[in-house]
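Visitor: I am new to this structure and would like a tour of its rings and cores. Could you show it to me?

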Amino acid sequence: MLQTFSKTRKVAVTLNADSGASITPLFTYTPFSLSGYRVIDGNLILNNIQAIAYIYSLPQVEFPVFDLTESDSQQLLTAINLEWSGQRIQLDGLVRVGSGGTYQRITSNSLTNPHPYPYKSFTIDNQVLGNEDMLAFQIRNAGFGLLQTGAGGSDTVTISADLTTTITVEEVPAVPNIISNIITTTASQLVAGNSNRKNITFFNSSTSTVFVDTVNTVSTSSYTVALSPGDYYEAPPPIYTGAYYAVVASGSTSINIREYA
């Protein structure tokens with residue numbers, strides 16, 4: 001049976017002078033694993049990707065004042081020139097497809113020192129990724145250096161997002177493990193504990209009555225279940241994952257045990 005579930009969490013990363021030009025992933029990817037299940041499909045969705053930059057190492061850029069006679073196109077060109085023609089630091093967004101893929105640049109933003117605002121904020125497009133894909137960021141030298149720490153302050157860029165992980169899993173059928181055993185008149189361990197146990201069955205194929213318990217003090221007068229010849233016992237839910245012990249009244253014998261994990 002297939003099961004699908006989602007989980008959303010906030011992720012964030014800050015780049016500063018120590019980041020240099022290195023590629024910095026936005027989050028840490030941890031592959032999903034759960035005993036008894038395998039992943040069929042999955043994806044990662046990054047929503048509300050926001051960035052805020054504090055740049056002190058560059059000269060301030062004054063907020064543009066437009067003449068009333070300027071057209072929308074002229075105003076847009078002036079704003080673009082302020083962003084991309086003056087002194088700036090470049091923030092690139094990169095995507096890696098698969099765990100061993102190469103990072104590819106998908107976005108670029110200009111980081112300036114705006115005035116009178118003390119910071120610059122902007123939005124980055126939402127991203128849909130595969131399970132092992134990654135969104136990362138890198139500072140690029142556009143001719144005016146990287147992020148710096150100076151007398152005016154420390155340059156920083158913080159990027160945050162809402163990361164939603166959606167996973168579809170399928171339960172893997174339990175494979176029975178045959179438990180070999182010898183039961184004598186001295187109480188001893190019949191089956192070792194197993195935290196991954198999903199089920200366990202006992203069939204007394206012998207000609208002796210076998211006494212089974214979950215404590216090592218099992219005896220012919222103190223036990224959880226007595227298995228007469230031909231009896232079958234299956235552990236009830238919730239499945240007990242500890243050890244089983246057994247004893248027989250006389251002689252020695254063995255029974256058929258199947259553990260599913």
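Visitor: Which residues do ring pairs link into a cluster?

Guide: Happy to help, and please note that this is a predicted model, where local features need pLDDT of at least 70, side-chain atom pairs count only at pLDDT 80 or more, and totals for chains, interfaces and linings use all residues. Residues are numbered from 1 along each chain as its sequence is written, and side-chain values use heavy atoms, leaving out hydrogens and water. Rings of Phe, Tyr and Trp (its six-membered ring) pair if their centres lie within 6.5 Å, with planes under 30 degrees apart counted as stacked, over 60 as edge-to-face and the rest as tilted. The cluster linked by such pairs is Phe202, Tyr233, Tyr240 and Tyr244.

Visitor: How many aromatic pairs are there by this rule, and what is the pair of Phe202 and Tyr233 called?

Guide: The count comes to 6 aromatic pairs. For Phe202 and Tyr233, the ring centres are 6.0 Å apart and the planes meet at 35 degrees, so this pair is tilted.

Visitor: Which strand gives the most to the largest nonpolar core?

Guide: A nonpolar core is a set of buried (under 20% relative accessible area, 1.4 Å probe, protein chains only) Ala, Val, Leu, Ile, Met, Phe, Trp, Tyr and Cys residues joined through side-chain atoms within 4.5 Å. The largest one has 28 residues, and Leu26, Phe27, Leu46, Leu111 and Ile159 have the most contacts inside it. Among the elements giving it two or more residues are strand 1 (2-15) and strand 13 (156-171), where strands are DSSP runs (E, at least two residues) numbered from the N terminus. The most, 5 residues, comes from strand 3.

How values were computed: Buried < 20%, exposed > 50% of the residue type's maximum accessible area, 1.4 Å probe, protein only. Helix = DSSP H or I, 4+ residues; strand = E, 2+ residues; numbered from the N terminus.
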